[in-house]
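Reader: Please take one helix and describe how it packs and what empty space it borders. I would like the cut-offs stated along with the values.

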Amino acid sequence: MQDEKFKKALDFVLLSEGGYVNNPNDFGGETNFGITKTVYDMYRRSKNLPLQSVKNITSVEIEEIYYKKYYLASGADKISDEKLGLIHFDTAVNMGIARARSFLTLSQGNIEKYLKLRREKYIEFAQSNSSQKVFLKGWLNRLSRLENFIKQNY
């Protein structure tokens, strides 16, 4: 089903999205491996499967959700530059597909501009809502890891 570009990108995303979290300040709510309970419930319903805790998500479900809901839905699969494709996919996962598409358009595919837009948006989130300040360091660290991953793997 998935190609090697996706698998490489997913490997990076899962470095940042591993484990169960239920932080009351996180707008995504209860998540496991970066998959929110809401997204997981929608996925399970679409498969006519009984709902269950996101704590019980399987690796097969994680891969399918990321592939269909974020990689394909964001258009990352259509980006020929693998570095930009990874950045776009990771942004879709972390900030939503609409924002990732906006960054892609505004940056005109320029990686440095795209990363700058993402960094600025993180800072804006933290400045505009005090409950989000707690996440700023982690968001910026994720961006640094992404930049390092690209340098080391492409």
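Author: The helix chosen here is α4, and the axes of α3 (residues 59-74) and α4 come within 9 Å and cross at roughly 120°. That crossing makes α3 oblique to α4, and its hand is right-handed. This is a predicted model, in which local features need pLDDT of at least 70 and side-chain atom pairs count only at pLDDT 80 or more, while totals for chains, interfaces and linings use all residues. Residues are numbered from 1 along each chain as its sequence is written, and side-chain values use heavy atoms, with hydrogens and water left out.

The terms are as follows. Helices are DSSP runs of H or I with at least four residues, numbered from the N terminus. Axes are lines fitted to C-alpha atoms over the stretch in contact, with angles from 0 to 180 degrees between N-to-C directions. Angles under 35 degrees count as roughly parallel, over 145 as roughly antiparallel, 65 to 115 as roughly perpendicular, and the rest as oblique. A crossing is right-handed if the near helix is turned clockwise from the far one by less than a right angle, and left-handed if anticlockwise.

At the contact (heavy atoms within 4.5 Å), α3 contributes Tyr66, Tyr70, Tyr71 and Ser74, and these meet His88, Phe89, Ala92 and Val93 of α4. By class, that makes 6 nonpolar, 2 polar and no charged residues; Ala, Val, Leu, Ile, Met, Phe, Trp, Tyr, Cys and Pro count as nonpolar, Asp, Glu, Lys and Arg as charged, and the others, Gly among them, as polar.

Next, the empty space. On a 1 Å grid over the protein atoms alone, a cavity is a set of points where a 1.4 Å probe fits but cannot get out; a pocket is an open set with protein on both sides within 12 Å along at least five of seven lines, and lining residues have an atom within 4 Å of a point. Points are joined across faces, edges and corners, and a volume is the space filled by probe spheres set on them.

There is 1 cavity of 30 Å³ or more, and the largest cavity has a volume of about 50 Å³. Its lining includes Tyr71, Glu82, Gly85 and Leu86. Helix α4 (82-95) gives the most to this lining, with 3 residues.

The largest pocket holds about 880 Å³ and has 30 lining residues, with Glu17, Asp26, Asn94, Trp139 and Arg142 nearest its centre. The elements giving two or more residues to it are α1, α4, α6 (111-128) and α7 (133-153). Here α7 gives the most, with 6 residues.
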